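User: I would like to learn how the helix packing and the backbone features of a model such as this are read. Please give the general idea each time, and then the case at hand.

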Amino acid sequence: MSGGHFDYQQWQLTEIAQTIEEDIARALKPKPAKVHNDYWTIYEKDNVGSFHSFMIYRTFDSYEEAEKFLLGYGKVRSADPEYASHRFFGKNDVIFQSDVEFMTGTKDGEKIPVLYAIHHAEYDSYPDDADVLELEEQTIETMKEAYRQVCIARIYADRVDWMMSGDDGEDTLQERLKEELEKFDKEFQSKDWTLTNEEDED
């Protein structure tokens with residue numbers, strides 16, 4: 001076995017380069033169609049400092065369905081004008097209040113009823129099982145350069161390793177280093193980034 005001056009640790013550089021390559025290919029892979037999400041949900045504010053989803057992220061197909069569920073919860077009604085303001089939820093949601101439960105964290109024992117807001121959520125997202133990596137073009141170009149630098153580092157490490165281990169002389173070091181760098185540069189310039197190295201070899 002040749003080399004060994006670096007205790008054969010150069011393989012770690014190869015693994016880093018391959019991981020970067022796989023991430024780039026994943027980011028360039030065609031994205032699946034997004035799924036449209038459109039539903040109603042209920043927020044509960046039972047603490048002055050925050051609010052959260054009510055009933056463990058339960059969702060409804062319509063406003064009417066959400067309202068019917070909330071009003072059927074018990075002792076809940078449309079909020080008084082002083083509570084039906086945006087300062088509690090920060091959204092244009094319809095606000096309700098409890099007649100029997102009160103918020104925690106109020107000052108000087110002030111009694112503020114627990115409030116509820118019916119919120120309309122609408123957004124597009126990738127399917128839950130989609131393997132999607134979204135990166136900006138500038139980021140992908142930076143990762144390509146990272147890949148190039150790591151591969152060059154591997155070439156240098158191998159050649160110095162062989163020289164310091166006595167397998168190559170100093171003249172051979174320069175000759176092989178030049179050959180391998182030129183070969184890698186050609187491969188890098190023509191590289192198809194949508195494929196990983198293993199796929200490219202197939």
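User: Which residues of H4 are buried?

Analyst: Burial is read from relative accessible area, and a residue counts as buried under 20%. In this predicted model, the buried residues of H4 are Ile140, Met143, Lys144, Tyr147, Val150, Cys151, Ile152, Ile155, Ala157, Asp158, Arg159 and Asp161.

User: Against what do the buried residues of H4 pack?

Analyst: They pack against two helices, H1 (11-28) and H5. H4 itself covers residues 137-164, and H5 covers residues 170-189.

User: What span should H4 have, and what is the distance between its end C-alpha atoms?

Analyst: The expected span follows from a rise of 1.5 Å a residue. The 28 residues of H4 should span 40 Å, and the end C-alpha atoms are 41 Å apart, so the two values agree.

User: How is the relative direction of H1 and H4 to be read, parallel or antiparallel?

Analyst: The angle is taken between N-to-C directions, and an angle over 145 degrees counts as roughly antiparallel. The axes of H1 and H4 cross at roughly 160° and come within 9 Å. H1 and H4 are therefore roughly antiparallel to each other. As to handedness, H1 passes H4 in a left-handed crossing.

User: Which residues form the contact of H1 with H4, and how many of them are nonpolar, polar or charged?

Analyst: Such a contact is read by listing the residues on each side and then sorting them by class. On the H1 side are Trp11, Leu13, Thr14, Ile16, Ala17, Ile20, Glu21, Asp23, Ile24, Ala27 and Leu28. They meet Ile140, Met143, Lys144, Ala146, Tyr147, Val150, Cys151, Ala153, Arg154 and Ala157 in H4. By class, this contact has 16 nonpolar, one polar and four charged residues.

User: Is Ile20 buried or exposed, and which residues does Ile20 touch?

Analyst: Ile20 lies in H1. With a relative accessible area of 15%, Ile20 is buried, because the cut-off for burial is under 20%. Leaving aside residues up to four places away in sequence, Ile20 touches Met143, Ala146, Tyr147 and Val150. The pair Ile20 and Ala146 shows how separation in sequence and in space can be set side by side: 126 residues apart along the chain, and 7.8 Å apart from C-alpha to C-alpha.

User: At what angle do H4 and H5 pack, and what is the handedness of their crossing?

Analyst: The procedure is that used for H1 and H4. H4 and H5 pack at an angle of about 160°, with their axes 10 Å apart. H4 and H5 are therefore roughly antiparallel to each other. Their crossing is right-handed, whereas H1 passes H4 in a left-handed one.

User: Which residues of H4 and H5 meet, and what is the class composition?

Analyst: From H4 the contact takes in Lys144, Tyr147, Arg148, Cys151, Ile152, Ile155, Tyr156, Arg159, Val160, Trp162 and Met163. Their partners in H5 are Glu170, Leu173, Arg176, Leu177, Glu180, Leu181, Phe184 and Phe188. By class, the contact of H4 with H5 has 13 nonpolar, no polar and six charged residues.

User: Where does Lys191 lie, and is it buried or exposed?

Analyst: Lys191 lies in the loop between H5 and helix H6 (197-201). At 15% relative accessibility, Lys191 counts as buried. Apart from residues up to four places away in sequence, Lys191 touches Glu21 and Tyr147. Glu21 and Tyr147 are also among the residues through which H1 and H4 meet.

User: Which residues take a positive phi?

Analyst: For this feature the sign of phi is read together with the residue type and its place in the chain. Among them is Gly166, just after H4, with a positive phi of about 90°. Asp7 has a phi near 55°, a positive value in a residue other than glycine. Tyr8 likewise has a positive phi near 55° and is not a glycine. Asp7 is placed in the segment before H1, and Tyr8 is found in that segment too. Asp7 is exposed, with a relative accessible area of 53%, whereas Tyr8 counts as partly exposed at 37%.

How values were computed. Residues numbered from 1 in each chain as written. Predicted model: local features only at pLDDT ≥ 70, side-chain atom pairs only at ≥ 80, totals over all residues. Heavy atoms only, no water. Axes fitted to C-alpha atoms, helices over the stretch in contact; angles between N-to-C directions. Helix = DSSP H or I, 4+ residues; strand = E, 2+ residues; numbered from the N terminus. Parallel < 35°, antiparallel > 145°, perpendicular 65-115°, else oblique. Left-handed = near helix turned anticlockwise from the far one by under 90°. Contact = heavy atoms within 4.5 Å. Nonpolar A, V, L, I, M, F, W, Y, C, P; charged D, E, K, R; others polar. Buried < 20%, exposed > 50% of the residue type's maximum accessible area, 1.4 Å probe, protein only. Expected span 1.5 Å × (residues − 1).
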